Amino acid sequence: MALPTAFLTRMERLLGEEYPDFVRAMEGPRAFGLRINPLKEPQTEPPFAARFGLHPVSWAREGYYYDPETRPGRHPYYEAGVYYIQEPSAMAVGALADPKPGERVLDLCAAPGGKTTHLAGRMQGEGILIANEIHPGRAKILSQSVERAGIRNCMVTNETPQRLADRFPGYFDCIVVDAPCSGEGMFRKEEIAVTEWTEDAPVKCAARQDEILDCAVSMLRPGGRLVYSTCTFAPEEDEGSVQRLLDRYPEMQVETVPGDAHFAPGRPEWTENGHPSLAQTFRLFPHRLDGEGHFAAVLRKTDGQTGRAPALAQCLPDKKIPGEYRTFESENLRVKFKNLTLCGDQLWALPDDLPDGNGLRVLRQGLQLGTVRKGRFEPAHALALALRAEDALRVIDLPAEQPLVERYLRGEAIPWEGENGWTLVLTDGYSLGWGKTSGGMLKNHYPKGLRWK
Ligand SMILES: C[S@@+](CC[C@H](N)C(=O)[O-])C[C@H]1O[C@@H](n2cnc3c(N)ncnc32)[C@H](O)[C@@H]1O
């Protein structure tokens, strides 16, 4: 696919003698990466490294390159949320944000969920993670990624940045703005990035980024950090967006953080009146590392007001918890969830101190436990994906390399002489979904929309 002439001319002007290496890399093969989900696989050296030909990405401890011939995206482990397929450079964002358990974190432009799932892994289920996506269709995909990854402390919203800013002034410790951008860094990965690019895209995207970043700054508590990233090379975005942010908000400063030996410094001279601190931002070039084009900056809010604490989501008092769930819990689980709440017939377990989502478009809040029906409780797929083998009373473990697991993923019933009742289906110890054992068969409860064709 030929790259746009106007893009190449600009990059030649900017890169000078590095330009031939850049073009060679842009015309070469792309990099393939996956990121281990520590909520599912706590070992940094995963036991399946050889199966997918994994070797580490130096800038993210969970990140690995894989051999594309091994197709990890079409494997039971993928469905179990053991890893997330993510382009290696994109892993720099979560690694730089590096949220800690207990923090309040917002991923403002979050679909399909690459950064959200990375952030959630580092938070270890503790604290509040709000993952927002403005586009309704993409928000559903984001919600699915959160479900597959077994995340318990995330609220997924489908809102504009402004509506969130009205709701959460001065609230977050860490905000990630992985901004909609002109996508030049994806030219090698996706043909559509080339066909959709126009010469004026960077200027238009830059204006939109300014609006999104205004909202992000207002939602940061004093002392909080903002990670801004794009997958483009255009300096109107990237250094330009950071410079305009510094001009508008004297309380914001570029933070000096260790990057990686393969990252190049941001270029103050590529934007008008570029502040020297722009050299503390990061450019990821495909001719300098094995990954696609990216830009990332970490900024800190040094001053401002902490917002009023938002109202918290209401939980059910013990005596209002549906008996159907209590029966299910005692007959099937070895774990007890707290902070339960009902939305219609859906029962959820909320993280501590989750803000009230009323009035916002909320797709998911905390962990979906299941549906309360008349006289019975039906566990949610999300619950299965958040459980470990030891959390369920009945389990069946289907080895990933044997055909039975594929039959389960296709929606078939499976012969199984286990005890009757809800049964957590695992593959090599990782939870995959539910089945219900009865009379020597495991009835399939893998969701219809996710079944392998
Ligand atoms: C680069 S993508 C995000 C990728 C995501 N962070 C990930 O790692 O999977 C940017 C997202 O911003 C969303 N977006 C577009 N316009 C927006 C706006 N005005 N405000 C907020 N988000 C917007 C897009 O729908 C898109 O999903």
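## Exercises around Cys231

Cys231 touches Cys181, Gly183, Glu184, Gly185, Met186, Gly293 and His294, once neighbours within four places in sequence are left aside. Keep in mind that this is a predicted model.

**Exercise 1.** Work out where Cys231 sits in the chain and whether Cys231 is buried or exposed.

*Solution.* Begin with the record: an unreviewed UniProt entry lists Cys231 under "active site". Next, find the residue in the loop that joins strand E9 (220-230) to helix H10 (238-248). Finally, check its relative accessible area, which is 18%. Buried means under 20%, so Cys231 counts as buried.

**Exercise 2.** Explain why H10 is described as largely enclosed by the rest of the structure.

*Solution.* Start by counting: eight of the 11 residues of H10 are buried, and therefore the helix is largely enclosed. Then name them: Asp238, Glu239, Gly240, Ser241, Val242, Gln243, Leu245 and Leu246. Last, look for what covers these residues; the cover includes helix H9 (201-219), E9 and the strands E10 (252-254), E12 (282-284) and E13 (294-301).

**Exercise 3.** Describe the largest pocket and its lining.

*Solution.* Take the volume to begin with: about 1,400 Å³. Now turn to the lining of 46 residues, where Ala111, Pro112, Arg138, Pro180 and Cys231 lie nearest the centre. Sort the lining by character, and you get 24 nonpolar, nine polar and 13 charged residues. To finish, ask which element supplies the largest share of the lining. That is H9, with six residues.

How values were computed
Residues numbered from 1 in each chain as written. Predicted model: local features only at pLDDT ≥ 70, side-chain atom pairs only at ≥ 80, totals over all residues. Heavy atoms only, no water. UniProt positions renumbered as here; feature names shortened; annotations may be inferred. Helix = DSSP H or I, 4+ residues; strand = E, 2+ residues; numbered from the N terminus. Buried < 20%, exposed > 50% of the residue type's maximum accessible area, 1.4 Å probe, protein only. Contact = heavy atoms within 4.5 Å. 1 Å grid on protein atoms, 1.4 Å probe; cavity = no way out; pocket = protein on both sides within 12 Å on 5 of 7 lines; lining within 4 Å. Points joined across faces, edges and corners; volume = space filled by probe spheres on them. Nonpolar A, V, L, I, M, F, W, Y, C, P; charged D, E, K, R; others polar.
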